[in-house]
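Here's a friendly walk through a structure you may not have met before. Have a look at it first, and then we'll go through its parts together.

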Amino acid sequence: MKKIEIYTSDTCIQCKKAKEYFQNNNLEFIEYNISSNQEYKRELIKKGYLSVPVIVVEGQDILGFDLTRIKQLTGM
């Protein structure tokens, strides 16, 4: 199974859609919520991003809920 990580925040609608997509397709993911953990926020900024969601599939960054790119990288 592909390693999927997602940086989220509590108020991000696109983050919720991405997580729902992963759950509905039985794709396991690791969530890094920047609202509840400042270290995750610092990591995200260090990567050069100031918005969420940032989805990382096998080391490939996706900014936003780009379903086409997610499907491509996960093989869905």
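A word on terms before we start: a residue is called buried when its relative accessible area is under 20%, exposed when that area is over 50%, and partly exposed in between. Keep in mind, too, that this is a predicted model.

**The sheet**

Let's begin with the strands. Four of them make an open sheet with mixed pairing, in the order β2-β1-β3-β4. The edges belong to β2 and β4, and each has a single partner strand, so one side of each has no neighbour in the sheet. Going from one strand to the next, the twist averages 20°.

How do β3 and β4 pair? They run in the antiparallel sense, with four bridges between them. If you'd like to pick out a bridge by eye, go to Ile-55 and look across to its partner in β4, Ile-62.

Two helices pack on this sheet. α2 touches β1, β2 and β3, and its direction makes about 105° with that of β1. α3 touches β1, β3 and β4, and its direction makes about 160° with that of β4.

**Helix α1**

Now for α1, which covers residues 13–24. Its twelve residues should span 16 Å at 1.5 Å a residue, and the C-alpha atoms at its ends are indeed 16 Å apart, so the two values agree.

Which residues of α1 are buried? They are Cys-15, Ala-18, Tyr-21 and Phe-22. Looking down the axis of α1, you'd find these buried residues within an arc of 125°, which means they line one face of the helix. The spacing makes sense: an α-helix has 3.6 residues a turn, so residues three or four places apart point the same way. What do the buried residues of α1 pack against? Their partners are β1, β3 and α3. Over on the other side of α1, Ile-13, Gln-23 and Asn-24 are exposed.

**The disulfide**

There is one disulfide in the count. It joins Cys-12 to Cys-15, with the sulfur atoms 2.4 Å apart. The torsion about this S-S bond is about 85°, so the disulfide is right-handed. Are its two cysteines buried or exposed? Cys-12 has a relative accessibility of 10%, so it counts as buried. Cys-15 has just 1%, so it counts as buried as well.

**Some unusual backbone spots**

Most residues other than glycine have a negative phi, and most peptide bonds are trans. Here are two residues with a positive phi, neither of them glycine:

| Residue | Phi | Loop | Relative accessibility |
|---|---|---|---|
| Asn-26 | near 55° | between α1 and β2 | 63%, exposed |
| Glu-58 | near 50° | between β3 and β4 | 47%, partly exposed |

Asn-26 follows α1, in the loop that leads to β2 (30–33). With a relative accessible area of 63%, Asn-26 is over the 50% cut-off and therefore exposed. Glu-58 sits in the loop before β4 (60–63). Why does Glu-58 count as partly exposed? Its 47% lies between the 20% and 50% cut-offs, so it belongs to neither the buried nor the exposed group.

Where is the cis peptide bond? It runs from Val-52 to Pro-53, with omega near 0°. Pro-53 itself belongs to the loop between α2 (38–46) and β3 (54–57).

Definitions and conventions:
Residues numbered from 1 in each chain as written. Predicted model: local features only at pLDDT ≥ 70, side-chain atom pairs only at ≥ 80, totals over all residues. Heavy atoms only, no water. Buried < 20%, exposed > 50% of the residue type's maximum accessible area, 1.4 Å probe, protein only. Expected span 1.5 Å × (residues − 1). Arc of directions from axis to C-beta. Contact = heavy atoms within 4.5 Å. Disulfide = S-S within 2.5 Å. Pairing = 2+ DSSP bridges. Axes fitted to C-alpha atoms, helices over the stretch in contact; angles between N-to-C directions.
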